[in-house]
Amino acid sequence: KDGLVTEARDLYSDVVGRGIDPDVFTYTCLIHGFCGLGQWREVTRLLCDMVDRNVNLNVYTYNILIDALCKKGMLGKAHDMRNLMIERGQRPDLVTFNTLMSGYCLYNDVVEARKLFDTFAECGITPDVWSYNILIIGYCKNNRIDEALSLFNKMNYKKLAPNIVTYSSLIDGLCKSGRISYAWELFSAIHDGGPSPNVITYNIMLDALCKIQLVDKAIELFNLMFERGLTPNVSSYNILINGYCKSKRIDEAMNLFEEMHRRNLVPDSVTYNCLIDGLCKSGRISHAWELFN
């Protein structure tokens with residue numbers, strides 16, 4: 001877990017050298033570590049070693065391998081791995097299905113992800129909040145907002161409480177598809193008894209309001225964050241600074257820039273790019289040059 005995989009492998013070699021037989025948990029830990037680093041040769045060597053020692057893979061080992069294959073975009077092989085685990089007598093669990101769905105959505109194949117989701121019942125699996133979130137995020141990413149909203153409604157029908165990731169994903173999708181009023185309704189619903197919104201949720205709404213040039217409304221929301229005990233991050237300030245600059249309110253943007261320093265927030269390249277662009281477009285080239293330096 002600390003990324004010291006070489007040291008873990010050396011310890012494993014020491015274990016074997018002392019005549020202690022490694023078990024499936026030993027191998028699974030090592031495979032997880034090497035998969036995370038993309039060292040497939042080591043993973044293959046460990047799998048061969050498991051065969052030689054007659055150690056069977058368990059559901060956790062298969063899930064790790066499926067996850068690694070999905071993240072590499074090898075979705076066909078990940079699916080084959082799921083079929084192999086069934087052949088070897090291991091029953092895929094919720095994590096297996098969520099991992100495969102996540103892999104399909106990562107590469108924008110939300111159709112295949114939905115097909116898997118629809119097989120949950122016949123496989124005796126009950127979807128959890130993350131199963132729904134994976135698909136909702138996938139639908140929103142592909143601008144299929146109505147299907148995302150349909151799943152959201154299905155969650156409520158199934159008495160499955162959406163979490164802040166569900167709400168944030170939907171709000172982001174609605175904003176990006178231009179349905180700001182509906183996004184605002186959802187955002188307000190969170191404050192009326194839903195899960196506590198986080199900085200990411202606020203940033204999504206701030207960005208949407210600034211893009212339709214409702215900068216003053218965005219500032220009200222920004223101030224509400226402080227009232228709710230949330231601390232805006234660099235992205236929060238960047239969104240507002242960009243909004244001010246696009247509205248040619250450069251002095252107010254500079255005030256926010258100074259406030260970042262007072263709050264010990266380090267401006268990044270986005271902050272500087274927005275301000276330099278705004279200053280140049282307003283004819284204040286010397287100030288832009290100072291910031292550039």
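**Exercise 1. Find the volume of the largest pocket in this predicted model and describe its lining.**

Solution, step by step:

1. Start with the volume: the largest pocket holds about 380 Å³ of space.
2. Now look at the residues around that space. The lining has 14 residues, and K1, V5, C29, H32 and G33 are the closest to the centre of the pocket.
3. Next, assign the lining to helices. Both α1 (5-17) and α2 (24-36) supply at least two residues each, and α2 gives the most, with 6 residues.
4. Finish with the chemistry: the lining of the largest pocket is made up of 7 nonpolar, 5 polar and 2 charged residues.

**Exercise 2. Do the same for the second largest pocket: what is its volume, and which element gives the largest share of its lining?**

Solution, step by step:

1. The space in the second largest pocket comes to about 260 Å³.
2. Its lining has 15 residues; closest to the centre are V51, V55, L57, Y62 and R88.
3. Three helices give two or more residues to this lining: α3 (40-52), α4 (59-71) and α5 (75-87). The largest share comes from α3, with 5 residues.
4. Sorted by class, the lining of the second largest pocket has 10 nonpolar, 4 polar and 1 charged residues.

**Exercise 3. α1 and α2 both contribute to the largest pocket. Are these two helices roughly parallel or roughly antiparallel to each other?**

Solution, step by step:

1. Take the geometry of the axes: those of α1 and α2 come within 10 Å and cross at roughly 155°.
2. Compare the angle with the cut-off: angles over 145 degrees count as roughly antiparallel, so α1 is roughly antiparallel to α2.
3. Add the handedness, which is left-handed for this crossing of α1 and α2.
4. List the residues in contact. From α1 they are V5, A8, R9 and Y12, and from α2 they are T26, Y27, L30, G33 and F34.
5. Classify them: the contact of α1 with α2 has 6 nonpolar, 2 polar and 1 charged residues.
6. Now link back to Exercise 1. V5 and G33 take part in this helix contact, and both are also among the residues closest to the centre of the largest pocket.

**Exercise 4. Work out how α4 and α5 pack, and which residues make their contact.**

Solution, step by step:

1. The axes of α4 and α5 come within 8 Å, with a crossing angle of roughly 165°.
2. α4 and α5 are therefore roughly antiparallel to each other, and their crossing is left-handed.
3. On the α4 side, the contact uses V59, Y62, L65, I66, L69 and C70; on the α5 side, L75, K77, A78, M81, R82, L84 and M85.
4. By class, that is 11 nonpolar, no polar and 2 charged residues.
5. Y62 is worth a second look: this residue belongs to the contact of α4 with α5 and is one of those closest to the centre of the second largest pocket.

**Exercise 5. Repeat the analysis for α14 and α15: at what angle do they pack, and what is the handedness of their crossing?**

Solution, step by step:

1. Helix α14 (residues 234-246) packs against helix α15 (residues 250-262) at an angle of about 165°, and their axes are 8 Å apart.
2. That angle makes α14 roughly antiparallel to α15.
3. The crossing of α14 and α15 is left-handed.
4. α14 brings V234, Y237, L240, I241, Y244 and C245 to the contact, while α15 brings I250, E252, A253, L256, F257, E259 and M260.
5. The contact of α14 with α15 divides into 11 nonpolar, no polar and 2 charged residues.

Technical notes. Residues numbered from 1 in each chain as written. Predicted model: local features only at pLDDT ≥ 70, side-chain atom pairs only at ≥ 80, totals over all residues. Heavy atoms only, no water. 1 Å grid on protein atoms, 1.4 Å probe; cavity = no way out; pocket = protein on both sides within 12 Å on 5 of 7 lines; lining within 4 Å. Points joined across faces, edges and corners; volume = space filled by probe spheres on them. Helix = DSSP H or I, 4+ residues; strand = E, 2+ residues; numbered from the N terminus. Nonpolar A, V, L, I, M, F, W, Y, C, P; charged D, E, K, R; others polar. Axes fitted to C-alpha atoms, helices over the stretch in contact; angles between N-to-C directions. Parallel < 35°, antiparallel > 145°, perpendicular 65-115°, else oblique. Left-handed = near helix turned anticlockwise from the far one by under 90°. Contact = heavy atoms within 4.5 Å.
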